Amino acid sequence: MKINIFDIGGKVVKDDERYIVKDNSTLNNLVVSSTDLKPGKSTSGHNHPGQEEVYNFVKGSGLMKIDEDVFSVKEGDVILVEDGRFHQVINNSDENFYFVCVFDGSRSH
């Protein structure tokens, strides 16, 4: 199945003053999730013991925190989040920051 990176399909699962999150759960084992993070906002941050996650930064720039490490991320970067590590995305720019994640669909996000 082919999807567009800027509209992954699926349904809106979160929509508030921080971001809009959509999940495409078409596959049996993986979820493709997009986040449009507003300027000056951040994700809640979380970890998933026993599970990994892949972040693909598509448009904009900001910061990513993995455990205690904080580093810059931008359009074109792909971050591999290892099993159980805390991770958070921070938009410290004046523009929306859009990214797509792939994770194990057997967990709740």
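Q: Which residue in E3 does Tyr19 stand opposite?
A: In this predicted model, Tyr19 stands opposite Leu37 in E3.

Q: What makes E2 and E3 a pair of strands?
A: Pairing requires at least two bridges between two strands. Strand E2 and strand E3 (residues 30-37) are joined over six bridges, so the criterion of at least two is met and the two count as paired. The sense of this pairing is antiparallel, and the two strands form a hairpin with five residues between them.

Q: How do we know that E1 and E2 pair, and in which sense?
A: Four bridges link E1 to strand E2 (residues 19-24); the cut-off is at least two, therefore E1 and E2 are paired. Their sense is antiparallel. Within E2, Asp23 is the residue that Lys11 stands opposite. A hairpin of three residues leads from E1 to E2.

Q: What makes E4 and E7 partners?
A: Strand E4 (residues 53-59) and E7 share four bridges in the antiparallel sense. Because at least two bridges are needed, E4 and E7 qualify as a pair. The bridge partner of Asn56 in E7 is Val78.

Q: Why are E1 and E7 called edge strands?
A: Strand E1 (11-15) and strand E7 (78-81) each pair on one side only. They stand at the two ends of the order E1-E2-E3-E9-E4-E7, which describes an open sheet of six strands with antiparallel pairing.

Q: How many degrees are neighbouring strands of this sheet turned against each other on average?
A: The average is 20°, with direction ignored.

Notes:
Residues are numbered from 1 along each chain as its sequence is written. This is a predicted model: local features need pLDDT of at least 70, side-chain atom pairs count only at pLDDT 80 or more; totals for chains, interfaces and linings use all residues. Side-chain values use heavy atoms; hydrogens and water are left out. Axes are lines fitted to C-alpha atoms, for helices over the stretch in contact, and angles run from 0 to 180 degrees between N-to-C directions.
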